[in-house]
Each structure stands twice: as structure tokens, then as C-alpha cells.
Amino acid sequence: MVSASQMKRSLLRKPRILFIHVQRLLGTYKDETPVVIQRRMGDYRLTAMIEHLGGATGGHYVAYRRHAGKGWLRASDATIEAIDFKTMASRQKTVYLLVYS
């Protein structure tokens, strides 16, 4: 039996790209429970991440993308900068979407 706080899903085959959405915005409340950001998850490798900065009623999204041979890139509006994985992984309280492929 599955309780109200659990969910079970079955897939016939695994997706080529796996999106994990972290439910942060709950009405006027923003949940900042830390989420461990892993480089690998099974056969998948982390390729991108989006974080939400601000509160439940407004904020800003920042995108991170793995760049072949160059580590990670952080894009916020017109600014793009190289960062290391450790810096990106420290965004545990603001991660909103993880993309694995």
C-alpha cells in the first residue's frame, strides 16, 4: 500500500532525457529543503540545472549547463560565466529542475 506521502511510477523503458522537477513553490510559501545534486544517477549523467532565486511571489531563474571539455557554465540574463561543479552543487536549497541524459 502507498501512503499519501509516497508515489509509485513504472516505466516500460527509461527515457533518453530525465527531468527531475523539485516542487519548491507552494502557494505563497517557498520550500528550501536541501536536495543533493549528484553528477551521476544510475545510467544518467547530470547535463543541466535550473535554480530559482527569490520568493514564492517573484524571483529569478538561473541556468547551468555542462559544456564538453570546459566544465560548467552559469547563465543569468546576459551574463555567462564558467564555474566548477562544486559551486553549482552548493545550490541545494534553490535547485528547481535537474536534467540528466
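**A friendly walk through a predicted model**

Reader: Which residues does Ile-37 touch, leaving aside those up to four places away in sequence?

Author: This is a predicted model, and Ile-37 is a good place to start. Not counting residues up to four places away in sequence, Ile-37 touches Phe-85, Met-88, Ala-89, Arg-91, Gln-92, Val-95 and Leu-98, and also Leu-46 and Met-49.

Reader: Which residues have the most contacts inside the largest nonpolar core?

Author: That core has 15 residues. Strand E5 (44-55), strand E6 (58-67), helix H1 (85-89) and E9 each supply at least two of them. In soluble globular proteins, nonpolar side chains tend to be buried together. Inside this core, the residues with the most contacts are Ile-37, Leu-46 and Met-88.

Reader: In what order do the elements run from the N terminus on?

Author: Happily, there is just a short list to follow: the protein has 1 helix and 9 strands. From the N terminus on, the order is β-β-β-β-β-β-β-β-α-β.

Reader: Is Val-99 buried or exposed?

Author: Let's place Val-99 before judging it: this residue is in strand E9 (residues 95-100). Its relative accessibility is 14%, and the cut-off for buried is under 20%. Val-99 therefore counts as buried.

Reader: How far apart in space are Val-99 and Phe-19, C-alpha to C-alpha?

Author: Phe-19 is among the residues that Val-99 touches, a list that also includes Ile-17, Leu-18 and Arg-45. In sequence, Val-99 and Phe-19 are 80 residues apart. In space, their C-alpha to C-alpha distance is 4.7 Å.

Reader: What share of the contacts with a separation of 6 or more comes from residues 24 or more positions apart?

Author: Val-99 and Phe-19 make a handy example, being 80 residues apart in sequence. Across the protein, among contacts with a separation of 6 or more, residues 24 or more positions apart account for 59%.

Reader: Where is Asp-77, and what is its phi?

Author: Asp-77 is in the loop between strand E7 (71-76) and strand E8 (79-83). The residue is exposed, because its relative accessible area is 69%, and the cut-off for exposed is over 50%. Most residues other than glycine have a negative phi. Asp-77 has a positive one, near 55°.

Reader: How far apart do the centres of the positive and negative side chains lie?

Author: There are two sets to compare here, 17 positive and 7 negative side chains. The centres of these sets lie 10 Å apart.

Notes: Residues numbered from 1 in each chain as written. Predicted model: local features only at pLDDT ≥ 70, side-chain atom pairs only at ≥ 80, totals over all residues. Heavy atoms only, no water. Helix = DSSP H or I, 4+ residues; strand = E, 2+ residues; numbered from the N terminus. Buried < 20%, exposed > 50% of the residue type's maximum accessible area, 1.4 Å probe, protein only. Contact = heavy atoms within 4.5 Å. Lys, Arg positive; Asp, Glu negative; His and termini not counted. Charge placed at Lys NZ, Arg CZ, Asp CG, Glu CD. Core = buried A, V, L, I, M, F, W, Y, C linked by side-chain atoms within 4.5 Å.
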